[in-house]
Amino acid sequence: MIALRPVRIVALDAAPLSVPLREPFVIATGRMDATRAALVTVTVEDASGNRATGLGEAAALPPVTHEDQPDLLRAVAAARAALVGATLSDLAATDLTLAAAFPQSPVARAGTAGAIADAWARSEGRALHALLGGSAAPAPLTTDITLPIGAPAYVAELARTYRAAGFSCFKVKIGRDYRADHVVLRAVAASVPDARFRLDANA
């Protein structure tokens with residue numbers, strides 16, 4: 001386990017993080033035109049009085065998550081009394097502290113955990129991956145990009161645009177109507193024949 005200097009939480013805040021999406025995010029159970037997240041900010045102080053501030057994102061996706069943005073903001077505000085002033089000595093104990101502070105809000109808890117880890121790493125003068133036990137610089141990350149549910153021509157054109165930008169793997173949202181899904185998948189496969197696909201049905 002990584003040895004950490006104890007820190008005390010001196011501030012905890014959350015603000016709406018609503019970023020308009022370039023394209024609507026349409027899945028079997030809903031549609032999003034902007035993110036519905038909360039930006040969590042945590043400031044910690046060490047024994048010498050040095051302070052560091054970290055950021056975390058609590059990302060809601062109704063109805064996949066039971067929490068929406070207003071719920072996240074309320075949960076962080078409600079947890080403030082239990083967390084501000086708390087001394088943290090190791091990551092395992094911090095997890096238990098957060099579980100008690102967020103008994104019904106796993107999304108807000110995750111965003112707060114991220115902000116605490118970021119602040120703690122900054123306080124230690126470490127990279128976050130090192131604080132979490134990583135022994136080397138992070139390897140380059142190759143990610144997919146999501147294609148929403150939509151008309152075949154629209155989704156195929158998105159795939160071509162994203163392929164031109166360098167993406168070679170696509171997560172294709174399906175699940176409303178298998179017949180329509182079949183038509184869209186054929187259109188996408190024809191538009192980017194060298195790509196790989198992951199099918200994601202939320203229903």
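I begin with β4 and β5, which pair in the antiparallel sense over 10 bridges. One bridge joins alanine 37 to its partner in β5, alanine 59. Please keep in mind throughout that what we are viewing is a predicted model.

This pair belongs to an open sheet of 4 strands, ordered β5-β4-β1-β6, with antiparallel pairing. At the edges are β5 and β6, the latter spanning 87–88, and each of them pairs on one side only. Across β1, β4, β5 and β6 lies α3, which runs at about 155 degrees to β5.

Let me turn to the nonpolar side chains. In soluble globular proteins, such side chains tend to be buried together. In this model the largest nonpolar core has 29 residues, and the members that touch the most others are Val42, Leu83 and Phe102. Two or more residues come from each of β1 (7–17), β4 (36–45), β5 (51–60), α1 (69–83), α2 (91–101) and α3 (106–124). The helix α3 contributes the most to this core, namely 8 residues.

Which residues are in contact with leucine 83, leaving aside its neighbours within four places in sequence? They are Ile9, Leu12, Thr97, Leu98, Ala101, Phe102 and Thr112. Phe102, then, is both a contact of leucine 83 and, like Leu83 itself, among the residues touching the most other core members.

Apart from this core lies another, made up of 13 residues, including Ile145, Leu147, Ile174 and Val184.

To summarise, α3 lies across the strands β1, β4, β5 and β6, and α3 also gives the most residues to the largest nonpolar core.

Definitions and conventions:
Residues numbered from 1 in each chain as written. Predicted model: local features only at pLDDT ≥ 70, side-chain atom pairs only at ≥ 80, totals over all residues. Heavy atoms only, no water. Core = buried A, V, L, I, M, F, W, Y, C linked by side-chain atoms within 4.5 Å. Buried < 20%, exposed > 50% of the residue type's maximum accessible area, 1.4 Å probe, protein only. Contact = heavy atoms within 4.5 Å. Pairing = 2+ DSSP bridges. Axes fitted to C-alpha atoms, helices over the stretch in contact; angles between N-to-C directions.
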